[in-house]
Amino acid sequence: MRRVSIFGATGSIGQNTIDLIARDPEAYDVVALTGASNIEQLASDAIRLRADVAVTADETRLEDLRAALRGHDIKAAAGQAALVEAACRPSDWVMSAIVGAAGLAPGLCALKQGATLALANKESLVCAGQLILSTAKAHDARLLPVDSEHSAVFQALVGEDMAAVERIIITASGGAFRDWPLEKLARATLAEASSHPNWDMGQRITIDSASMFNKALELIETREYFGVTPDQIEVLVHPESMIHAMVGFNDGALMAHVGPPDMRHAIGYALHWPDRRGLPVDRLDLAQIGALTFRAPDERRWPALRLAREVMERGGLSGAVFNAAKETALDAFIAGEIGFPTMAEVVEEVLNDTASSHIDAPMTLDNVHAADQMARQASRDVIEQRAG
Ligand code: NAD
Ligand code: MG
């Protein structure tokens with residue numbers, strides 16, 4: 001039996017992971033499941049999958065979790081330290097599907113105990129790519145991409161030599177506001193930004209798709225994961241979301257990965273890797289789909305893409321600053337404090353004003369955390385200035 005843990009089990013990726021695991025209960029020994037406020041979901045999955053431990057990130061909910069698990073031999077725990085403790089429990093395969101920088105510390109612990117880390121939490125690579133990669137290497141642990149684009153690239157590279165790779169193209173649906181007039185964006189509501197044309201995902205990543213902050217994070221993720229230079233990575237708007245990524249080789253060939261917009265494909269590929277096994281996803285009928293379309297991204301509509309390129313140029317801890325500013329600006333948009341286009345303005349201002357001492361500090365977990373906290377405070381200040 002394979003020991004598996006799922007961090008962020010109650011979210012969109014977590015639930016899709018559980019869907020796959022629950023189809024073959026004899027194959028998996030579930031060690032840890034974690035969530036935050038959705039205690040009912042966390043407890044019922046922990047009971048159904050017979051987990052050893054269930055952890056909520058929210059310390060105020062520990063008693064609720066204990067009550068929900070009463071009568072079952074499952075340890076209940078809460079808080080950051082408990083998340084890290086759960087990640088230190090030996091597992092063979094760990095799904096990292098917490099949303100945001102909070103996924104970094106548990107992911108590092110999982111790597112330190114040598115587990116294969118299936119990484120949906122792209123924010124970890126954005127904040128601390130080199131730290132994640134060096135930790136994996138030092139502990140002989142494997143990192144597998146779960147983001148659909150990066151899984152697609154990973155699959156297109158099987159059996160290939162990286163030296164023959166000229167470029168990597170990641171596609172973007174364009175999100176909710178792809179075809180909106182630019183001047184209307186300032187009036188975009190939370191509900192409008194929270195509905196995705198093709199994918200069913202958590203609310204935060206759905207809004208990040210509309211702003212392309214998600215694609216911006218993915219540009220950085222591509223650079224970190226595949227070790228290519230920024231000018232080798234392109235973003236292509238592809239409204240149908242069927243081609244997830246393409247790899248361009250030195251002989252002019254483009255290897256494209258085509259599949260339905262269902263995250264269970266990328267999750268299942270990482271779960272069964274290096275094998276390919278049957279997965280319960282739709283089979284595409286391309287004759288019925290008829291046409292796939294592409295266009296270049298407009299950087300006036302999506303300034304986040306330009307900011308990601310600046311972050312890649314600057315390097316160091318600028319990814320941690322970028323991500324923290326983005327998370328804080330997103331919180332403010334969700335709370336109704338700022339308009340949709342203001343999110344990118346906040347992030348840009350914070351990036352421009354961050355002292356080099358923060359960016360150039362060595363990439364340790366403590367320094368990443370310090371840069372993250374500084375950027376959150378700086379972002380709050382910018383947001384308050386604008387609101388006031
Ligand atoms: P979600 O919001 O649906 O779920 C997030 C999970 O993290 C939940 O289990 C929640 O309880 C937990 N969580 C939230 N805040 C936490 C905190 N501070 N500490 C610990 N746990 C916390 O998010 P999602 O859409 O499933 O996305 C999860 C990750 O996967 C993100 O990094 C996202 O970018 C990435 N991703 C998601 C998709 C998708 O289709 N949803 C696709 C590609 C990548
Ligand atoms: Mg993606």
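This short talk covers a sheet, its helices, several salt bridges and one histidine in a predicted model.

Good morning. I shall begin with the sheet. In this model, 7 strands form an open sheet, and their pairing is parallel. Read across the sheet, the order is β4-β3-β2-β1-β5-β6-β7. As background, strands of a sheet pair through backbone hydrogen bonds, and the pairing may be either parallel or antiparallel. Which strands stand at the edges? They are β4, residues 75-78, and β7. Each has a single partner strand, so one side of each is left without a neighbour in the sheet. On average, neighbouring strands of this sheet are turned by 20 degrees against each other, direction ignored.

Let us take one pair of strands. Strand β1 comprises residues 2-7 and strand β2 residues 28-35; the two run parallel and are joined by 4 bridges. Within this pairing, Arg2 stands opposite Tyr28 in β2.

Two helices can now be placed on these strands. Helix α1, residues 12-22, lies across β1, β2 and β5, and runs at about 155 degrees to β1. Helix α3, residues 62-69, lies across β3 and β4, and its angle to β4 is about 165 degrees.

I turn next to the salt bridges. How many does a search of the whole structure find? The search finds 27 salt bridges, and I have chosen a few to discuss.

One of them links Asp147 and Lys122, whose closest N and O atoms are 2.9 Å apart. Asp147 lies in the loop between β7 and α7, whereas Lys122 belongs to helix α6, so the pair ties together parts that are 25 residues apart in sequence. Are these two residues buried or exposed? Asp147 counts as buried because its relative accessibility is 7%, and buried means under 20%. Lys122 also counts as buried, at 4% relative accessibility.

Another salt bridge joins the side chains of Arg306 and Glu310, with a distance of 3.3 Å from N to O. Both residues are in helix α13, residues 303-314; being 4 residues apart, they are separated by about one helical turn. Arg306 is partly exposed at 29% relative accessibility, and Glu310 is partly exposed at 33%.

A further example is Glu337 with Arg380, where the closest N and O atoms are 2.9 Å apart. Glu337 lies in the loop between α14 and α15, and Arg380 in helix α17, so this pair ties together parts that are 43 residues apart in sequence. Glu337 counts as partly exposed at 35% relative accessibility, as does Arg380 at 24%.

Salt bridges can also share partners: Lys122, Asp147, Glu149, Lys215 and Glu218 are joined in this way into one network.

Finally, I would like to consider His244. Where is this residue placed? His244 sits in strand β10, residues 243-249. With a relative accessible area of 5%, His244 is buried. A polar atom of its side chain lies 3.0 Å from the backbone oxygen of Gly259. Leaving aside its neighbours within four places in sequence, His244 is in contact with several residues, including Trp199, His257, Gly259, Pro260 and Pro261. Glu149 is also among the contacts of His244, and Glu149 is one of the members of the salt-bridge network described a moment ago.

That concludes my presentation. Thank you for your attention.

Key: Residues are numbered from 1 along each chain as its sequence is written. Chains are lettered from A and ligands numbered from 1 in the order in which they are written. This is a predicted model: local features need pLDDT of at least 70, side-chain atom pairs count only at pLDDT 80 or more; totals for chains, interfaces and linings use all residues. Side-chain values use heavy atoms; hydrogens and water are left out. A salt bridge is a side-chain nitrogen of Lys or Arg within 4 Å of a carboxyl oxygen of Asp or Glu. Buried means under 20% relative accessible area, exposed over 50%, partly exposed in between (1.4 Å probe, protein chains only). A polar contact is a pair of N or O atoms within 3.5 Å; within protein, one must be able to donate a hydrogen and the other to accept it, and residues adjacent in sequence count only if both atoms are side-chain atoms. Contact means heavy atoms within 4.5 Å. Two strands pair if DSSP finds at least two bridges between them. Axes are lines fitted to C-alpha atoms, for helices over the stretch in contact, and angles run from 0 to 180 degrees between N-to-C directions.
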